[in-house]
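Work through the exercises below with the structure open. Each task is followed by a solution in short steps.

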There are 2 protein chains.
Amino acid sequence: MPRLGTDRLPLDLARGRVLREDVIADRPLPPFDRVTLDGYALRAADAAGASAEFTISGFQPAGHPPLSLPASPGHCIEVATGAVLPDGADCVVPYEKVERADNRVILRCAEAPRPGDAVHARGSDRQAGSLLLRSGARLRGRELAVAASCGRTDLLVSSRPRIGLLVTGDELADPGAPVMPWQQRRSNDVALRSVLEAAGAEVRCRHVGDDATKMGAMLAELLEVSDFVVTTGGVSKGRLDLLPDLLSRAGATSRFHGVAQRPGKPLWFGLSGGRPVFGLPGNPVSSFVCLHRYVLPALGCAAGAAARPVDFVPLVEPVRSDRVLTLYVPAVLVRGGSGGRMARLVPTNTSGDLTALVDTDGFVEIPPDGGSLPAGFLAPFRPWA
Amino acid sequence: MPRLGTDRLPLDLARGRVLREDVIADRPLPPFDRVTLDGYALRAADAAGASAEFTISGFQPAGHPPLSLPASPGHCIEVATGAVLPDGADCVVPYEKVERADNRVILRCAEAPRPGDAVHARGSDRQAGSLLLRSGARLRGRELAVAASCGRTDLLVSSRPRIGLLVTGDELADPGAPVMPWQQRRSNDVALRSVLEAAGAEVRCRHVGDDATKMGAMLAELLEVSDFVVTTGGVSKGRLDLLPDLLSRAGATSRFHGVAQRPGKPLWFGLSGGRPVFGLPGNPVSSFVCLHRYVLPALGCAAGAAARPVDFVPLVEPVRSDRVLTLYVPAVLVRGGSGGRMARLVPTNTSGDLTALVDTDGFVEIPPDGGSLPAGFLAPFRPWA
C-alpha cells in the first residue's frame with residue numbers, strides 16, 4: 001500500500017484521523033502533588049492517634065499556588081479536589097473522617113492517616129518525556145484529551161484518502177427514478193460510500209452502464225484524481241465484464257484476479273501508477289464483504305494505522321466448510337449458554353440478498369477444507385463498520 | 001428521556017442517524033428471477049442427459065427486458081449475471097460447465113441441471129410489503145443501501161441533539177496557553193466533545209472557573225439553547241462545588257446526586273424544563289466513564305435508537321469487588337488461552353490518570369459485594385466510543 005500524505009490539524013479537526021507523530025509528555029503527569037478528595041491537608045506524623053486535633057490555617061482551592069502549612073505541629077489546611085497539596089503537608093483527610101468546630105477539626109478515622117493518602121503524586125502516572133501516544137494511533141476522545149493535557153493544540157495526522165468509486169451495470173436504476181421490472185435500484189454506491197466516508201475518506205462516486213467507452217472514460221477520470229479506486233461489477237468472466245480489460249488499458253497492472261472465497265470470488269486487484277485499484281464483484285453482499293475484508297484494512301495501512309488483532313468468536317452451531325473456498329458468512333453475536341459471546345451464522349439467500357445483512361453484526365471466516373466444524377469452533381469475526 | 005425531534009434527510013446526509021419510520025419493500029426482492037452466474041439459460045427438462053446440446057438463440061444482458069426462449073426444445077440463451085431470466089427458461093448453466101462451438105453449446109456437467117439452478121428467484125429474499133428496516137435502526141451502509149434498494153431517496157431520522165458542555169474549575173489552563181506548576185491543562189472538554197460529536201451531537205462548549213456568578217450565567221445560557229446539558233466538576237461536597245446549588249437556582253430539579261460507584265460517585269442528574277442535565281465529576285477518568293455509562297445511552301434513548309444488549313466478557317484474572325460500590329475498571333481485550341476474547345483489567349492510578357485509558361478498549365463493570373471474583377467471571381463490558 002502507498003502511504004497517505006499528512007496534514008497538521010487542530011485537535012477538534014483531527015478526530016478519527018490516524019496520528020503520524022509520537023506525542024510526548026512535556027511535564028510529569030500529574031504535574032504536581034494533586035489532592036484527590038475534599039478535606040484537610042496535614043502532616044501524617046502530626047496525627048499521632050486517630051483522634052488528633054488540628055487548627056485550620058487556610059483554604060487551598062484548585063488552580064491556585066500552594067499555601068504553606070505552618071511548621072509547628074497541629075495545623076492543617078482545608079483543600080479542594082484538584083488543588084496542589086500545600087507545602088509541608090503529606091496527606092489529605094477527607095471531610096467524612098473529621099469533625100469540625102469553627103477553625104478546628106478533630107480526626108475521626110479508624111486508622112491514622114498515612115503519607116500519600118488522597119494525594120495523586122507528581123509524576124506517578126507518567127514522567128516528563130515519556131511516550132503518551134504512538135504514531136499510528138486512531139485519534140478519538142481519549143487520545144485527543146491526552147494530547148491536550150500535554151499542551152498540544154495541533155497534531156500531524158494522515159490526510160483523508162480520496163477514493164474514486166465506480167459502480168457499473170446496465171441493470172441499476174437510480175433510486176429516485178422509475179424502475180423497470182427487469183432492473184434493480186442502485187444501492188452498492190450507497191453502501192460503499194457510506195462505509196468509506198465513515199472511515200474518513202472523500203468519495204467521488206460515478207455510475208456507468210455496460211458501455212466500454214464511457215466506462216473507460218470514467219475510469220481515467222477517477223484514476224486521475226484519486227488515491228484509491230474502487231469499482232463494483234464487471235470483473236467476472238461474462239461477455240460484459242469489461243473492467244479487467246479497461247483497467248489494463250488505463251494503465252493498471254493486475255496483481256491478482258480471483259480469490260478462493262465465497263462471496264467475492266471474482267475480486268480483481270491491481271495498481272495504477274502506485275494507486276491501488278479494487279475491482280469488487282457487483283453482487284451487494286460480495287462487494288460489502290470485500291470492502292470490509294480488503295479495502296478498509298488497506299485504507300488503515302495506507303493511513304499508517306496500527307494493526308488491530310482479529311477477533312475470534314465461537315460458533316453457535318456446527319458448519320460445513322468448503323473444500324476449496326474460504327467462506328465469509330454474515331453472523332449475529334448472541335449470548336451463549338455459558339454467558340459469553342457466540343456467533344450465530346445467517347447465511348444469505350445468494351450474494352444478492354442485501355436485506356439479510358441488516359440484522360447481522362459482521363461476518364465470520366470459515367477456513368477451507370476443515371470438514372464439518374463443530375459448535376464452539378473459534379472463527380475470525382469482523383464487525384460491519 | 002425526552003424524545004428528540006425529527007428531520008427528513010436525503011440518504012447521503014442520514015448516515016449515523018437513527019431511523020424514525022419503518023421502511024417497507026415496495027417490490028419483491030429480488031424484483032425478478034435474477035441470473036446469478038454468467039452462462040446459458042435453458043429449460044432443465046430439455047437437458048435429458050448431462051451432455052445435451054443446445055442452440056444459442058440470443059444474448060440476455062443485465063438491465064434489459066427478457067428475451068423469450070424458443071418453444072421448441074434444444075434452445076438456450078446466453079445470459080449475464082444480474083440479467084432477468086429469459087421467458088421460458090428455468091435454470092442457468094455456467095460457462096464452466098459447457099463446451100461452446102459457434103452458436104451451439106454442449107453441456108459438460110456431472111449432474112443434469114435442475115430448475116432454479118443459478119437463479120435468484122423473484123421474492124425469495126423478501127415479499128413486497130415486508131418490513132425491511134425498523135424505526136430505531138442506526139443508519140449505516142447496509143441500512144442506507146436497503147432503503148435505496150426499495151426506492152427511498154430520503155428518510156425520517158432523529159434530529160441531532162444540541163448539547164451544552166460546561167467544563168468547570170480554576171485549575172484548568174487552556175492547552176495553548178502558559179501553564180502554572182499548580183495547574184493542569186483542560187482536556188475533559190476535548191475528550192467529551194469528541195465522543196459526543198462522534199455520536200452525532202452538536203456541542204456548544206464553555207469553560208468557567210470556580211466563580212458562582214459566571215458559572216450561573218453560563219449554565220443559563222447553555223440551558224436556553226441545548227437539548228442536554230453536560231457539566232464536569234463542581235458536584236462533589238467541597239466548598240467550591242457550586243453546581244448542585246446553581247443548577248437548582250437555574251430551575252433544574254435534582255433526580256439523584258451520588259451513585260454507589262467508583263469512579264463517578266458524585267454524579268448529579270436532574271431535569272430542567274424537561275431537558276436532562278448530567279453533572280459529571282471533574283476527574284478525567286470519572287467523567288469519561290460516566291459519559292459512556294450514562295450520557296451516551298441517554299442520547300440513544302432520546303434518539304429512539306433500539307437498545308443494544310450489553311456484552312459480557314470473561315476476566316483474565318481474579319478481582320476483588322467492593323463491598324458497596326460498583327466498580328468500573330478500564331480493560332484491554334486480549335485473546336485468552338482457549339482462543340476466545342477475555343478482558344485484562346487496567347486499573348488507573350486514581351481517576352485523574354487519563355493516560356492509562358489510551359491503550360484500553362473499554363471498561364468492565366464489577367458488581368458490589370461479590371467478594372473475590374474468579375478468573376473467567378463474565379463481566380459486562382462497554383467499549384469506548
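**Exercise 1. A salt bridge across the interface**

Task: Find which residue forms a salt bridge with A:Glu78, and how far apart the closest N and O atoms are.

Solution. The partner is B:Arg239, with the closest N and O atoms 2.9 Å apart. The model is predicted, so side-chain atom pairs count only at pLDDT 80 or more. A salt bridge needs a side-chain nitrogen of Lys or Arg within 4 Å of a carboxyl oxygen, so this pair passes. Between chain A and chain B the count is six salt bridges. B:Arg239 also lies over the face of A:Phe59, at 3.9 Å from the ring centre. Another arginine over a ring is A:Arg335, which sits over the face of B:Phe312 at 3.5 Å from the ring centre.

**Exercise 2. Sizing the interface**

Task: State how many residues of chain A are in contact with chain B, and what area is buried between the two chains.

Solution. Start with contacts: 89 residues of chain A touch 89 residues of chain B. Next, the area. The size of an interface is often given as the accessible area lost when the parts come together. Here about 7200 Å² is buried between chain A and chain B. Carbon and sulfur atoms give 56% of that area. Finally, the top contributors: A:Arg142, A:Trp182 and A:Arg185 supply 11% of the area that chain A buries against chain B, more than any other three residues.

**Exercise 3. A covered helix**

Task: Determine how many of the residues of helix α1 of chain A are buried, and what covers them.

Solution. Helix α1 of chain A spans residues 141-149, and nine of its nine residues are buried. Among them are A:Arg142, A:Glu143 and A:Leu144. Now look for the cover. From chain A it includes β2 (23-24), β11 (131-133) and β12 (154-158). From chain B it includes β15 (184-185), α2 (188-198) and α5. After the helix comes A:Gly151, with a positive phi near 85°.

**Exercise 4. Aromatic pairs**

Task: Classify the ring pair B:Tyr40 and B:Tyr95, then the pair B:Phe288 and B:Trp384.

Solution. Over all chains there are 14 aromatic pairs. In the first pair, the ring centres of B:Tyr40 and B:Tyr95 are 5.6 Å apart and the planes are at 70°, so the pair is edge-to-face. B:Tyr40 is in strand β4 (residues 39-42) of chain B, and B:Tyr95 is in the loop between β7 (91-94) and β8 (98-101), 55 residues apart. B:Tyr40 is buried at 3% relative accessible area. B:Tyr95 also counts as buried, at 19%.

In the second pair, the centres of B:Phe288 and B:Trp384 are 5.0 Å apart and the planes are at 45°, so the pair is tilted. B:Phe288 lies in helix α5 (residues 284-302) of chain B and B:Trp384 in the segment after β28 (378-383), so the pair ties together parts 96 residues apart in sequence. Both count as buried: B:Phe288 at 1% relative accessibility, B:Trp384 at 7%.

In chain A, ring pairs link A:Phe228, A:Phe256, A:Phe269 and A:Phe278 into a cluster.

**Exercise 5. Cysteines**

Task: Find how many disulfides the whole structure has, and why B:Cys205 has no bond to B:Cys290.

Solution. The search finds zero disulfides over all chains. For B:Cys91, the nearest cysteine sulfur is that of B:Cys109, 8.9 Å away. B:Cys91 counts as buried, at 0% relative accessibility. The sulfur of B:Cys205 is 17 Å from its closest cysteine sulfur, in B:Cys290, so a bond is ruled out by distance.

**Exercise 6. Backbone exceptions**

Task: Identify which peptide bond into A:Pro263 is cis, and give the phi of B:Thr350.

Solution. Most residues other than glycine have a negative phi, and most peptide bonds are trans. The bond from A:Arg262 to A:Pro263 is cis, with omega near -5°. The bond from B:Arg262 to B:Pro263 is cis too, with omega near -5°. Now phi. B:Thr350 has a positive phi of about 70°. B:Thr350 is in the loop between β25 (341-345) and β26 (362-366) of chain B, and at 27% relative accessibility counts as partly exposed. Across the interface, B:Thr350 is in contact with A:Thr36. B:Ala118 has a positive phi of about 55°, and is buried at 18% relative accessible area.

Notes: Residues numbered from 1 in each chain as written. Chains lettered and ligands numbered in written order. Heavy atoms only, no water. Phe/Tyr/Trp six-rings, centres within 6.5 Å; stacked < 30°, edge-to-face > 60°. Helix = DSSP H or I, 4+ residues; strand = E, 2+ residues; numbered from the N terminus. Buried < 20%, exposed > 50% of the residue type's maximum accessible area, 1.4 Å probe, protein only. Lys NZ or Arg CZ within 6 Å of the ring centre and 35° of its normal. Contact = heavy atoms within 4.5 Å. Disulfide = S-S within 2.5 Å. Buried area = accessible area lost by both parts, 1.4 Å probe. Lists of a residue's contacts leave out its neighbours within four places in sequence.
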